[in-house]
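User: Please take a close look at one sheet in this model, and start at its edge. Then place it in the wider picture, with the confidence scores.

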Amino acid sequence: MPNYVMVVDQRRCVGCMACIAACKAENEVPPAHFRTRVIEKVEGKFPELRMEHRSELCMHCDNPPCVYNCPTRASYKDDETGMVLLDPDRCVGCKACIAACPYDVRYTNPKTGVVDKCTFCSHRVVAGQQPACATTCVGQSRIFGDLDDPNSDVSRALAKNPSETLLKSAGTEPRVFYINKFGTPK
Amino acid sequence: MVNKVCSRRNFLKGSAAATAGLAAISLSPDKFLVWAEEQGMVESTLVPTYCEMCFWKCGGFAKVINGRVVKLEGNKLHPHCYGRLCARGNGGLGLLYDPDRLKTPLIRTGERGDGQYREASWDEALGLVAEKMTAIKEKYGPESVALFTHGSPTAHFFPLLKAFGSPNVAMPSAAQCRGPRVVAYDLTTGVDIGSPERLDMVNSKVVVLIGSHLGENMHSSQVHDFTEAIANGAKFIVVDPRFSTAAGKAHTWLPIRPATDMALLLSWIHIILKEGWYDKEYVAKYTNGFEDMLGEFDEYTPEWAAKETDLPAEQIYETARLIAKNSPAVAIHPGRHVTWDGQDVQRLRAIIILQAILGTWGRKGGIYLPTKAKLPSVPPPKAYPKPTQKSLRNGDYPFPGYAGVTNAVRESTITEKPYPVKGWIISGVNPMAALPNQDETRKAIDNLDFLLAIDVMPMGTTMMADVILPECSYLERHDAITPLVGRDLRVAIRQPAIEPMYDSKPAWWIARELGLRLGLEDYYPWETYEEKLEEDCLVWDVDFDQLKKDGVVIVSDTTNPYIGPGNEPVFKTDSKKIELYSEALEMEDFDPLPRYKRNEQPSAGEFRLLYGRSPVHTFSRTANNPVLNELYSENEVWVNAEKARALGLKSGDYVKVVNQDGVRSNRIKVKATERIRQDCVYMVHGFGHTSKRLSRAYLKGADDQQLTTKYKVDPISGATGMRVNFVKLVKES
């Protein structure tokens, strides 16, 4: 049973937004909504500056508040892949999951009225492909794969580099790992 | 032509599918088609092609279901992208399905520029074009028709113009962009650094970016190599007045005073010569004129350069040391948009001299040698006629490069010297946005008998044309096969994913139909472009069927990128070596070695106007693209945070930018940031569109080119230095 995770190597991210464009095309995300985004954060005073590019998406948490707070069991943790997914037929658009998610990565699809979010492109993954964002990521900043496979790109990246998760204190146990949160290599 | 892709799931038939189908009709067409494919009701095909969202021309596949393109993916065989498309590449769908596209031929009914047109049939429009071109030919000669072009359409309209009898073709990608670099390499090594630039960044220990904002300048394979270099621990030295994305990843950021880059380069050369850090063996073997250099750089001490560049002298020395100590595994990027201040060929010469004395050309981690494999040239079906009048495309510039000097053609159009230019054809370019000083461009257009535009979108200059011919997008047409010269030699094909939409046509069809109407049928022995491509492949010994199927074919996989036994570099100069000292320049009374000539600086209260790129846009042409517009819909003017406070401005405020000649921009948002020096402001090029038919981009942001009324011509190449305008910000009341 694969243990799918994403590693975001921030050193390699240039904020080009190819991931966003690919995600929107792949998943037909409605205008003005996004399943993923890239944050640019700058600290310091000229000329002593530091800059971070950070892609954010659903963390596919192992301890997912969205799932616990969903009254209809539309949001669920997929047993086979570990992905946090959403069954649109069960969703009533109550937005409890949006309120519960500490990462602000869910939105209501204005066309369907149901909640929508990153699926790690599960439809591509079951077909043996990578998620659209990782496939197109020009700097290879987004790495996707099976953490249980020691030879996978994600395992190797995490073995070689220290990594962190976002909002660790929330106790959500995210499946998205960040290498070098602050962009400047030492 | 296409690969069949099996449906992922093939269940749910009959009534179940019908019920689900009812639920799905509320979805937009793409989602419905993807759903239908999943249900096994329709099949998808993957059409290999290459991108035209920018000039990098990455390879990819268009996924097509029921005649609709639903997704674009990269082609791993294509060395310009390694299978990874940038935002613009993914945004190709936005161009294809932009409702603002030109849909039918248009003939002007009002005044030039007032946007009044009537729809016309292709027959009528092409007939009118042929009539107008013939009238100019009869009255003034065929040379009086000029072509401004860029990208894939060039392969169709350049031959048409040559067959018509005019040599006057010019590309803003040269004189307004890369031209001085081409000229500098031609003078110094005789071999271009290529596009993609042959930088071996993946093996570099140090990479120098001087005026190159990689990451914002989104050239897929090069950005890929850039991030590989970062992951490999290469140290980046980034010279930029702005804390660019690349500067954010740099070991050393040198926030240089704008327009003083030459001082830094000369000082680096000074230090390397003085400390004896140059590669003595390499210099002796592969360069010419080294002795003439000695003593010529003595004055350019780091202390002197510190005053010019506003960088600490120690930092100048330390970076020189870092570069020298890691040579030859040092990639010094020569930049791409290099038309800055009219001294551009000389500045590029300084960069090439550095590359040479450090022994980086042909060395691992420096500049790799190109493959020696070559495609035989395909001769035209019939020899082109010899023009009776001398070409005016190069003006009087002694080293104009190969792509014409647009501003020289514009000048001749205004002055009618050496002879009148009465017809312009523009394809794939928007001269109002590409050339500096819009008044001069306007004046030239006013002096034309005929302006023809061939375009996909109703861009500013296009909407001034007398006849507009709607070209279909790159996803709906064949184009020339592109040779990909790098570590090896490959070829890539563009083929239509779907039939042309509306009443649009491929450029090859437009060129051919015009050719037939101008009596040039001998140049078009083929009926479809696919026939011509197949013929080309026969000449090249490339398997056409494989190319159609895979999108990319490797012609030669043997390559030896580094200098070694039996693999010597080739320099196509008179001396067959790198000409550090240029006798060619000396003969034309230019400095044979680069010298420092101080550029004018803005006075207190003024800023130098700098411009650059967003990673999600190309030139002025993508601002209206619905996919890309959503990611970056209007440009902002970057102002140093402290300066902004002093001016009472904060991020999000709207201002007008006013230049030294009193030209006022459209309103533009302020970005108050620590990421820029106090003596300059910056904006992304290609906004502030005035074409009302661009519904998303119309009057969004400011047009840097409108503010570029002043320009400095490089006397060597004729290219226009455009970072010489000084501006103030005026708060919108």
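Analyst: **The sheet edge in chain B**

Strand β5 (residues 106–108) of chain B runs antiparallel to β6(B), and three bridges join the two. Strands here are DSSP E runs of at least two residues, helices H or I runs of at least four, both numbered from the N terminus. Strands pair if DSSP finds at least two bridges between them. This is a predicted model: local features need pLDDT of at least 70, side-chain atom pairs count only at pLDDT 80 or more, and totals for chains, interfaces and linings use all residues. Residues are numbered from 1 along each chain as its sequence is written, with chains lettered from A and ligands numbered from 1 in the order in which they are written.

Within this pairing, B:Arg108 stands opposite B:Tyr117 of β6(B). The whole sheet is open and has seven strands. Their order in chain B is β6-β5-β16-β15-β14-β7-β8, with mixed pairing. β6 (117–119) and β8 (169–170) of chain B are the edge strands, each pairing on one side only.

Now the contact between chains. Chain B gives 37 residues and chain A gives 33; contact means C-beta atoms, placed from the backbone, within 7 Å. On the side of chain B that touches chain A, α2 (29–38), β4 (68–74), α3 (87–90), α8 (220–231) and α22 (626–631) of chain B each supply at least two residues. The largest share, six residues, comes from α8(B).

Finally, confidence. Chain B averages a pLDDT of 94, on the predictor's per-residue scale from 0 to 100. In chain B, 96% of the residues score at least 70. Residues 1–27 of chain B stay under 50. Where pLDDT is low, the predicted coordinates should not be read in detail. The model scores ipTM 0.95 and pTM 0.95.

Notes. Contact = placed C-beta atoms within 7 Å.
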